[in-house]
Structure formats: structure tokens, C-alpha cells
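Dear colleague,

Please find below the structure that I am handing over to you. A summary of the findings follows it.

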Amino acid sequence: SLDIASLRKDTGYITYDPGFINTGSCMSSICYIDGEKGILRYRGYDIADLVQNCDFIEVAYLLVKGVLPTLDERSNYARLLNKHSMLHTDMRNFFRSYPHDAHPMAILASMVASLSAFYPEMEEKDPEDNIDLTVTRLLSKMRTIAAFSYRQSIGYDFVDPRYDYSYCENFLNMMFSSPVLDYHPDPVHVKALNQLLILHADHEQNCSTSAVRLVGSSEANLYASVAAGCCALWGPKHGGANQAVIEMLNKIIKEGLSVKEIVEKAKDKSNTFRLSGFGHRVYKTFDPRARIAKQMCQEVLNVEGMHDSLMEVALELEDIAIHDDYFIERNLYPNIDFYTGIIFHLMRIPQQMFTVLFAMGRLPGWIAHYLEWRHDPYQKIGRPRQIYAGPETRKVIPLSLRT
Ligand code: ACO
């Protein structure tokens, strides 16, 4: 029951903008979104064009360096990423101290911050000299940390990265290889992973990217700033949404509900339930990423087949919702999380790893924004103001007299 009108009168020129919904915090040339028309571009390239013609390493290079790599640059970069993919032995041992049931995002965030202890080049005298090395290390080692955090959570030995594998093959191999299985990453899974990482690679000033920029604005090093991004992404309102999709589908199955019932419940305003994986704050038409992920979902489905009832429920839900007037009138389309949740499920990626994969994809975007801030002469340390709404001046009553 704040009297916002009178508070506004007293606060001079401070803008009250909860969630910074209408505040531009920077000028940026990395990502363009038009939510009405369903457009998403990285550095001027349409997302569909990038997905069709590039792999994740090329897109990471584009975001970080501003241009697409030539053939030579692409292979040198891939070689460099492989070179830096191992983790310091002491860091490997460090993993073993986490409880087996630790959430992989907890391990990821703290291990990324720990990189500044094991590879402190950015703390040295001239950080500008070392920034390229730090960026390469982070892009490469984050993938290893992500896979190790999963192996730790299931109590399995770590699998080292291989020099003969690509970025995505390496990740899948480090996740799923086992001495009793002759595991080779499936090419369709490799393609799907490449595409999903590209789709997640940037989305302008979202919560985690803003966190990276804000921490970076204090001149904290890149590892520390990206660790803050991981923490921001962890929340269910951000990176956790695709996990919520699978949880919802499992609940439908477990409780024996019909898909029609669950859709009616989502439309009923007497409760707060919403269909996870439908609607988007920015996109008021089909999310361009969801369109691509939907096609990819079909490709993976063709290889994996409907191996459980979850897929049947997902497809029935999609079909009913997109033809329902309630969803049509409100521009509520299946979003990227709907399809990525299903693709990861088909690829047998455990639910707890969904957000970790999102973080791997978003990493080049975080780095690009961190670097853009560093080189922007107009940037200042991030320091939003507030409108004070607490008590007036009070006097301290001595402890013995307080009731
Ligand atoms: N299921 C049922 N109804 C919905 C849903 C949904 N998933 N999403 C929105 N609505 C309804 C609202 O009840 C509201 O109805 P009303 O006008 O009759 O009151 C109307 O659609 C508009 O809703 P808003 O909350 O104003 O829409 P907003 O754009 O602010 O919300 C959001 C977007 C938060 C994503 C919302 O659609 C939602 O909660 N979706 C489910 C969660 C989800 O999938 N999140 C992932 C988003 S994608 C991403 O983060 C990468």
C-alpha cells in the first residue's frame, strides 16, 4: 500500500521502473530482437541463417569477436579450444568434495568462479593482454566443468576431453562415455546440441546477461562475472523453464490427468496454474527459436522414436493448445523451452542438466556483453537508484528498554 504518486513527487528525477522493463542500460550491437515480428539476429545475422550454416564454435566466434571466422580461423579456434579443455589436477580433485546429490548448477557456478583462482591471468598487471586467453579458457573449460559436474552428481569417474572430437561431440562423450558401453556421440544428437547452443547463445539484456554486465562493471574479472551469470540463470523464471516443462508433463502422466483437463485448468482464472512452455514476454508471435527447435525436435524424434508416453502427451498438448481460442487470442505459442525440454529428454539428458546446457549456450553471449562493456568509453559502474519507502528517522531504544 505504498503511495507511489506522492513518493514520485518527492524523488526528483529518479525513474521508478521495477525489473528495468523500460530502461535501456547500454548501447549494444550484439543482439537484435523484434518480438512483434518474431525476429532474432546476432550481429546482424538472422538466427535461422546461423543455425543452418554455422556450428556453435562459429557463432561463439561471431559473438565474441564480432565477425564470422574464415575457414583457417575456424580450425585454429577449434584447435585452441581443444588445447585448453583440460582442468588443473587440483581443480579436478576439488570436484570430489561436493556431495553426490549437489545440483550441477551449484557446482558449475562455483567452479567457474574458481577458475580465477587457478588461472589468475586477468588479475595480473595488464589484464587487456590476457583477455583473449581468458575468453578461450572459459569457453573451453566451461564445457568440461559442465560434464564433470554431471559425472560427480551420479558418482561416476570423469572422462577427459578428446582432441579428435568437436566441441559438442566432446561434451556428449564426457557426459555419457562409460567403460562398459561402446559410446560414440550420435550425429543427430551432435547436430541438435549445436543448434540448441546456438539458439541460446544470446538474447540481449536478459537477467543473467545483465548480471554479467553489472558485476563486470565493477571491473571484476571475466570468470567472476560469468559465475554471477550462472547464478542468475539458475532460477526457474529464467533458465529453469525447460525443466518445468518436463516436470509438468510427468505430473500429467503420474496423476492420470487428461491433456484437455490440464489445458482447461490453465485457462481457468480461479487458479494461478499456467502451461509451462507457452507464452513469452517479448515474442508475441511464434518465437523464431521455437520454430527451429520444433524442427530439430522432429529430427531427434525420427531417430529416437516415441520411447515413452511423455512424448505422446507433449505432442497432444502442443496440438490442443495451438488450436485453442484462449491461446490464439492471447498470442500464447509454444516457446523455445517447450521444445528444448523435449529434445533434451529424447537425448536422455537428465533434467538437472537442462540449465547447465542453457549456460553453455549462453556463455558466448555473456562474454560478448562483458567485452562490449569493457570497451565502451561511456560505461560506468552499474549503480541503480531506489525510491526509499521505509520509516522516517527513528531513535534507538537501549536494548534493556526494548519490549
Ligand atoms: N498458460 C496459460 N495462460 C497464460 C500463459 C500460459 N503459459 N501465459 C500467459 N497466459 C495468459 C495470462 O493468464 C494472461 O491472461 P489474461 O489476459 O486473461 O489475464 C495473458 O495470457 C497474458 O499474460 P501475461 O502474464 O501478461 O504475459 P507475459 O507476456 O507477461 O508473460 C510469460 C510471459 C511469463 C512467459 C508467461 O507466458 C508464462 O508464465 N509462461 C509460462 C512459463 C514459461 O514457459 N516460461 C518460459 C518463457 S521463455 C524463456 O524464458 C526463454
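**Findings**

The protein contains 18 helices and 3 strands, where helices (H or I, at least four residues) and strands (E, at least two) are DSSP runs numbered from the N terminus. Please note that this is a predicted model, in which local features need pLDDT of at least 70 and side-chain atom pairs count only at pLDDT 80 or more, while totals for chains, interfaces and linings use all residues. Residues are numbered from 1 along each chain as its sequence is written.

As to overall dimensions, the C-alpha trace spans about 70 × 60 × 50 Å along its principal axes. Of the 403 residues, 40% are buried, that is, have 20 or more other C-beta atoms within 10 Å of their own, with C-beta atoms placed from the backbone.

The largest nonpolar core (buried Ala, Val, Leu, Ile, Met, Phe, Trp, Tyr and Cys residues joined through C-beta atoms within 7 Å) has 106 residues. Val 59, Leu 108, Val 112, Val 226, Cys 230, Ala 293 and Ile 343 touch the most other members. Helix α18 (residues 354–374) supplies the largest share of this core, 12 residues. Leaving aside residues up to four places away in sequence, Val 226 touches Val 112, Leu 138, Val 212, Leu 363 and Trp 366; such a contact requires C-beta atoms, placed from the backbone, within 7 Å.

Around the ligand there are 15 residues, counted when the C-beta atom, placed from the backbone, lies within 6 Å of the molecule. Ala 241, Arg 274, Phe 278, Gly 279 and Arg 330 come nearest.

Kind regards

Key:
A residue is buried if 20 or more other C-beta atoms lie within 10 Å of its own, exposed if 12 or fewer, and partly exposed in between; C-beta atoms are placed from the backbone. Two residues are in contact if their C-beta atoms, placed from the backbone, lie within 7 Å.
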